[in-house]
Amino acid sequence: MLRPLLWLLCAPLLAGCSMSYVDPAPTEASALTLLPDGFTLGTTLYGSADLGALGEDARAVLEAAADSGMSGFTYYVDWADLEPTPGQYALDEFTETLATLQGLGLRPFVNITVGDIAEYNLPPDLSDGAGGLGDGVALDDPVLIERFGRILDRVVPIAVAHGVFFLGVGNEINERLDHTSPDELGAYATFVEAARERVHRIAPDLAVGVVLTTAAIRNRTLTFQSMKQVSDIIPFNYGPIQSDFFVFALDDIEADFQDVVAGYGAGPLLIQELTCPSARTMNASEAWQRGCFEELFELIDATPRVRFASVFTFQDFDGATCQAVRDALLGSDLDDLPAEVAQRLADYLCELGVIRPDGTPKPAWAEVVKAAVATRE
């Protein structure tokens, strides 16, 4: 789990590929008819959502946000969780999670993270155990495409019945396809295109796509161009964080955000994760975090194309979890990561939320609530 995070840090330093590009024609699904008009604010948890495991305090925070007007949620799910053994499906937890979100009035953005940053996230029989493809496995193999299609046949009706408006088939996979394994790009695009066609046969209005980084969008990399051709929408993750893992000054956030929007091209915008950390080692603070969210919500309000953004995340890690993260990063043998950068990364992960580990809100919580209330007006 930690190694992909390093790519999130290091890959923006690498040059992107650019070429002439024409936006694909819009589809019915790209109109986002399953999402109410206007802007939907959401949140997400670290990793896959396990709402049943939330403590009382965390559940109360989620309910308070929903009561204020928050009406969205980003839910990640692993292919292996849906198909623990080949041809055998386990959909109870998926269905229960969506039912819980629906009961809270939260419309889900779902991502089956087939490609996850620098690695693939596949069932064990398809994986090499280290984030790569197993021997003889290719994502454009018709047999594998049909196997994933049979999962979609089961999952899509459940998703639509519970208010899902977007189905992702990958998260920031451009970090692999643009840099370390560009030869896999064609196969991944074929996989996405087949998944999209399968979904649309079942639910024509359900949007399908792949989440990419802002670096891919700014640079119009080959992965961005390829995935936009086979997707209804390309969501992205946004945080005003530089490649050295220092945050932007508040006065520079607007220009950075607009740069990403301009690079995206035409069409509605979905932000899978909206991030403003408070770690001082990143030149942030709790005051900066509040100013960051205030600025971003103002920019979103002035950009009607932004239809959804999910705050990542509400609550900081508790002390034990944070220490485990620090030990894993700072005591690792990852010699490609300078010690000071590893420190900032650890602090980022530990101080990402708008609520402290003891349950008390940081100043930024007020901005999230204000933005949630505004969606009801």
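**Exercise 1. Determine how the span of helix H2 compares with the expected span, and on which side its buried residues lie.**

Solution. Helices are DSSP runs (H or I, at least four residues) and strands are runs of E with at least two residues, numbered from the N terminus. H2 comprises 13 residues and extends 18 Å from its first C-alpha to its last, close to the 18 Å expected at 1.5 Å a residue; the expected span is 1.5 Å times one less than the number of residues.

The model is predicted: local features need pLDDT of at least 70, side-chain atom pairs count only at pLDDT 80 or more, and totals for chains, interfaces and linings use all residues. Residues are numbered from 1 along each chain as its sequence is written, and side-chain values use heavy atoms, with hydrogens and water left out.

Next, the buried residues (under 20% relative accessible area; exposed is over 50%, partly exposed in between; 1.4 Å probe, protein chains only) of H2 are Val61, Leu62, Ala65, Ala66 and Ser68. They cover an arc of only 165 degrees around the axis, which puts them on the same side of H2; the arc is that of the directions from the helix axis to the C-beta atoms. An α-helix has 3.6 residues a turn, so residues three or four places apart point the same way. The face turned away from the buried side of H2 carries the exposed residues Glu56 and Asp67.

Finally, the cover over the buried residues of H2, judged by contact (heavy atoms within 4.5 Å), includes strand S1 (40-44), strand S2 (72-77) and helix H14 (364-374). Just after H2, glycine 69 takes a positive phi of about 135 degrees.

**Exercise 2. Identify the buried residues of helix H11 and what covers them.**

Solution. H11 (residues 286-301) has 16 residues and reaches 23 Å between its first and last C-alpha, close to the 22 Å expected. Its buried residues are Trp288, Gln289, Gly291, Cys292, Phe293, Glu295, Leu296, Phe297, Leu299 and Ile300. Among the elements covering them are S1, helix H10 (250-264), strand S9 (269-274) and H14.

**Exercise 3. Describe the setting of tyrosine 120.**

Solution. Tyrosine 120 is found in strand S5 (residues 119-120). Tyrosine 120 is buried, with a relative accessible area of 5%. Not counting residues up to four places away in sequence, its contacts include Val114, Leu133, Ile173, Arg176 and Tyr188. Arginine 280 stands 160 residues from tyrosine 120 in sequence and 33 Å from it in space, C-alpha to C-alpha.
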